[in-house]
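Student: I'd like to go through this model and ask how each label was earned. Can you set the values against the cut-offs for me?

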Amino acid sequence: MRAALLREVGSIVIENRPVPEPGPGEVRLKPLAVGVCGSDMHAFTGEHPFVHPPIVLGHEIGAQVDKVGPGVEHLKPGQLVTVEPNLVCGHCYNCRTGRYNICENLRVVGCVGADGGMADYLMVPATKVFPVPEHWNAEQAALVEPVAVGVHAVRQGGLQPGQSVLVLGAGIIGLVTAQAARAFGASRVIIADLLESRLERARKLGFTDVVNNGQVNLEEELRRRLNGELADMIFDCVAIQPTLETAVKVARKGTRIVVVGVPAGPLSVPMHLVQDRELELIGTLMYRREDYDASIRLMESGAIVTEGFVTHRFPLEQVMEAFSVAIHQKETALKVMLTI
């Protein structure tokens with residue numbers, strides 16, 4: 001079978017490997033569509049703090065069940081599925097208390113300690129495989145993963161119905177987080193970005209409060225739109241130095257800031273403002289089963305829309321071209337998808 005191995009920073013090669021056989025409780029999947037995530041790009045460029053070569057990348061996966069191992073009864077060959085890629089120990093404190101997404105021994109398919117979906121076949125535990133509606137296509141199945149990131153972020157932030165929300169960043173994660181906030185009852189969702197092309201996508205999703213914060217004073221704009229107030233909650237879906245500083249700067253005293261994006265490295269936090277304003281700075285990592293279940297329901301109901309997210313498609317053999325487009329054409333490349 002073919003496997004796209006990140007052999008070293010900046011270099012992915014197609015390897016030939018044996019086709020694996022599923023053991024007890026395992027499922028062999030045939031990936032059909034695999035998204036190129038921001039984390040994959042950071043790993044490719046050597047900027048990801050936790051993902052390092054050699055590894056087969058790919059954790060946004062739409063696949064077909066190919067073969068099930070002994071003891072697997074709820075999945076059948078031919079089913080269209082998606083994968084929850086976090087592999088956990090089940091024994092540490094966080095696993096025992098229901099927060100297995102921050103397992104002390106966390107491994108992640110396509111990221112840490114386990115090869116991912118950029119290959120002809122992928123072996124995963126059956127417990128991590130989620131069937132999707134039969135009328136979906138493989139790209140929709142692959143997009144469940146980023147949607148679940150946004151759903152988990154909104155839950156982790158503790159959003160209450162009626163609260164106003166500021167989302168920094170209108171990339172994939174920003175757009176799904178904004179939609180999740182709306183679905184969970186936010187009264188206003190304001191989306192800020194520097195790229196007009198991404199703000200236009202937000203408008204097409206029905207968001208009217210979109211702001212190019214490179215052209216206006218964001219704090220003044222928030223007060224204008226919120227009757228003199230500031231947002232009740234802020235989601236930083238980019239997590240670079242300027243967005244984190246912006247989040248702290250425009251936060252009302254007592255506001256909760258949820259860091260959703262994955263920083264490429266250490267960031268400096270204006271702690272004097274965090275302390276003086278009693279701000280809450282919260283991290284959010286990945287998702288749990290209930291987030292996947294909710295994401296599939298919300299996508300099926302139309303509360304979260306992913307149509308039009310995939311802007312570029314490449315076959316597995318052109319994986320290097322796919323990463324080049326994803327990294328260098330941010331104005332036009334929202335989601336680059338590998339078809340396998």
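**Labels and the values behind them**

Tutor: Let's start with charge: the chain has 32 positive and 38 negative charges, and their mean positions lie 2 Å apart. This is a predicted model, where local features need pLDDT of at least 70, side-chain atom pairs count only at pLDDT 80 or more, and totals for chains, interfaces and linings use all residues. Residues are numbered from 1 along each chain as its sequence is written, and side-chain values use heavy atoms, leaving out hydrogens and water.

Student: What makes a charge positive or negative here, and where is it placed?

Tutor: Lys and Arg are positive, Asp and Glu negative, with His and the chain ends not counted. The place is NZ of Lys, CZ of Arg, CG of Asp or CD of Glu.

Student: How many helices and strands are there in the protein chain?

Tutor: You get 10 helices and 19 strands. They are DSSP runs numbered from the N terminus: H or I over at least four residues for a helix, E over at least two for a strand.

Student: Why is the chain called as compact as a globular protein of its length?

Tutor: Its radius of gyration is 20 Å, and the globule rule gives 20 Å for 340 residues, so the label fits. The radius is taken over C-alpha atoms, and the rule is 2.2 Å times the number of residues to the power 0.38. Along the principal axes, the C-alpha trace spans about 60 × 40 × 40 Å.

Student: Why is Ser-164 called buried?

Tutor: Its relative accessible area is 7%, and buried means under 20% (exposed is over 50%, partly exposed in between, with a 1.4 Å probe and protein chains only), so Ser-164 qualifies. Ser-164 sits in strand β12 (residues 164-168). Leaving out residues up to four places away in sequence, it touches Ser-187, Arg-188, Leu-226, Leu-230, Ala-231, Asp-232 and Met-233, a contact being heavy atoms within 4.5 Å. Chain-wide, 54% of the 340 residues count as buried.

Student: And what makes Ile-55 buried?

Tutor: Ile-55 has a relative accessible area of 4%, so it passes as well. Its place is strand β4 (residues 55-56). Beyond its neighbours within four places in sequence, its contacts include Ala-4, Leu-5, Leu-6, Gly-110 and Cys-111. Ile-55 and Ala-231 are 41 Å apart, C-alpha to C-alpha, with their positions 176 residues apart in sequence.

Student: Why is Ile-240 called partly exposed?

Tutor: Ile-240 comes out at 41%, so it lands in the in-between class. Ile-240 lies in the loop between β15 (233-236) and α7 (241-249). Its C-alpha is 8.7 Å from that of Gly-265, 25 residues away along the chain.

Student: What puts Ala-239 in the buried class, and what is its phi?

Tutor: Ala-239 has 2% relative accessibility, so it counts as buried. It is in the loop between β15 and α7, and its phi is near 60 degrees, a positive value in a residue other than glycine. Most residues other than glycine have a negative phi, and most peptide bonds are trans. Met-286 also has a positive phi, about 55 degrees, without being a glycine. Met-286 is in the loop between β17 (280-283) and α9, and at 13% it is buried.

Student: How do you know which form the peptide bond from Pro-53 to Pro-54 takes?

Tutor: Omega is near 0 degrees there, and the bond is cis. Pro-54 is in the loop between α1 (38-45) and β4.

Student: What span is expected for helix α9, and what does it reach?

Tutor: The expected span is 1.5 Å times one less than the number of residues. Helix α9 (residues 289-301) has 13 residues, and its 19 Å from first C-alpha to last is close to the expected 18 Å. Among its buried residues are Tyr-292, Ile-296 and Leu-298, and the cover over the buried ones includes β6 (80-83), β11 (129-131), α3 (138-157) and α4 (172-183). Gly-302 follows α9, with a positive phi near 90 degrees.

Student: Which residues does Leu-273 touch, setting aside those up to four places away in sequence?

Tutor: Leu-273 touches Val-248, Glu-278 and Leu-279. Leu-273 belongs to helix α8 (residues 271-276).
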